[in-house]
Structure formats: structure tokens, C-alpha cells
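Open the model in your viewer and keep the selection tool ready. We will go from the whole chain down to single residues.

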Amino acid sequence: MGMMQEFREFAVKGNVIDLAVGVIIGAAFGKIVESVVGDLIMPVVGAVVGKLDFSNLFVVMGSVPPGTATTLDALKKAGIPVLAYGNFITVAVNFAILAFIIFLMVKQINRLKRNQETPPAAPAAPPEDVVLLREIRDSLKK
């Protein structure tokens, strides 16, 4: 069996296609969660904590040339090394929310699967002619 044949068999298996669809949907879902965290949750958390903007929390690791603004974007554009721990906090919150939502989805899917599982059906009743033949056999035995 050639390598191309083996690859084709591997690629058309249902699990590989399901995985590809899951990755694509996961990437799109990740962007939605990123927007929810960045646009809805973090501003509220920042307002509660004291008007903090987590995306602009950083520590400058080098010297700042005169005339350079002290914002994260300006420092990165100037090539100054910065430790942007605020971005890490945002990404960590994104991950926690995404993991929690996926946990809830898997939990719901497992619950639905349990509800769909039906006990095995009772064996079908034998046809009427078989029942009649059995009755005749039993009556002849007596």
C-alpha cells in the first residue's frame, strides 16, 4: 500500500474531518470569547478595581528614549523591550472563560447523550404462523 493511499484513507476518516471542523469552529469561537472579554468583561473589572486597563499594564525592560510616549504600543514600535503582563492577564481570562464554556457545552452534550440512550428493545414477537406451529407441537406432545 502506497503512502498516498494510506494518507487518503487517514484523511477521509470521520474523526479527522470532525477534528478539522472542531478546530475551525474553535478558532471562530475563540475570537468571540476574546471580544467578550476585551470589550465587555475587562472594562467592568477595570471599573470595579479602579479604572484599570489591563491591556496597558507593562514594565519597561530598557531605557526609554526622550520623546517616546510611555504607552505599550509606542514602546513596542520604538523597539524597547517591555514585559506586557497586562496582555497575559487578558489572555489568561480569555482562556478561563473559554475553558469554562467548553466544559458547560461538553457537560450538556453528555447529558443529552444519556437521555438519548434507550434500553435495548425487547425481542420481536415471532410471526403468527410460528406461534401456531408451536401450539400444534405442544398439543401433540400431550
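Start with Gln108, which you will find in helix 4. Is Gln108 buried, exposed or partly exposed? Gln108 has a relative accessible area of 34%. Buried would mean under 20% and exposed would mean over 50%, so Gln108 counts as partly exposed. Bear in mind as you click that this is a predicted model.

Keep Gln108 selected and add Leu75. The two residues lie 33 apart in sequence. How far apart are they in space? Draw a line from C-alpha to C-alpha: the distance is 45 Å.

**Helix 4**

Now select residues 85-116, the whole of helix 4. Why does its end-to-end distance make sense? The helix has 32 residues, and at 1.5 Å a residue it should span 46 Å. The end C-alpha atoms are 46 Å apart, so expectation and model agree.

Which residues of helix 4 are buried? Pick out Gly86, Thr90 and Asn94.

**The whole chain**

Zoom out and switch to a cartoon view. Count five helices and two strands in the protein. Follow the chain along its sequence and you meet the pattern α-α-β-α-β-α-α. The radius of gyration is 32 Å, while the globule rule gives 14 Å for 142 residues. The value is well over the rule, so the protein is more spread out than a compact globule.

Turn the model to check its extent. Along the principal axes, the C-alpha trace spans about 115 × 50 × 20 Å. Buried residues account for 11% of the 142 residues. Show the surface next: about 11600 Å² is exposed, and carbon and sulfur atoms supply 68% of that area.

Contacts are worth a look too. Take those between residues at least 6 apart in sequence: 44% of them join residues at least 24 apart.

**A nonpolar patch**

Go to Val44, in helix 2 (residues 14-49). Add Val45, Val48 and Val49 to the selection. Together with Val44, these residues make a nonpolar surface patch of about 350 Å².

**A buried loop residue**

Next, select Ile80. Where does Ile80 sit? Look in the loop between helix 3 (72-77) and strand 2 (82-83). Its relative accessibility is 8%; the cut-off for buried is under 20%, so Ile80 counts as buried.

What does Ile80 touch, leaving aside residues up to four places away in sequence? Highlight Val60, Gly62, Ser63, Val64, Pro65, Thr68 and Leu75. Leu75 was in your earlier selection with Gln108. Val60 is 20 residues from Ile80 along the chain, yet their C-alpha atoms are separated by 7.5 Å.

**The salt bridge**

Finish with charge. Side chains of opposite charge can pair when their charged atoms come close. How many salt bridges does the whole structure hold? A search finds one. Select Arg137 and Asp138 to see their side chains meet, at 3.4 Å from N to O. Arg137 is partly exposed, at 43% relative accessibility. Asp138 is partly exposed as well, with a relative accessible area of 36%.

Methods:
Residues numbered from 1 in each chain as written. Predicted model: local features only at pLDDT ≥ 70, side-chain atom pairs only at ≥ 80, totals over all residues. Heavy atoms only, no water. Helix = DSSP H or I, 4+ residues; strand = E, 2+ residues; numbered from the N terminus. Expected span 1.5 Å × (residues − 1). Buried < 20%, exposed > 50% of the residue type's maximum accessible area, 1.4 Å probe, protein only. Patch = residues over 30% accessible without salt bridge, like charges linked within 9 Å, V, L, I, M, F, W, Y side chains within 5 Å. Areas by Shrake-Rupley, 256 points an atom, 1.4 Å probe, with all protein chains shown as cover. Salt bridge = Lys/Arg side-chain N within 4 Å of Asp/Glu carboxyl O. Rg over C-alpha atoms; globule rule 2.2 N^0.38 Å. Contact = heavy atoms within 4.5 Å.
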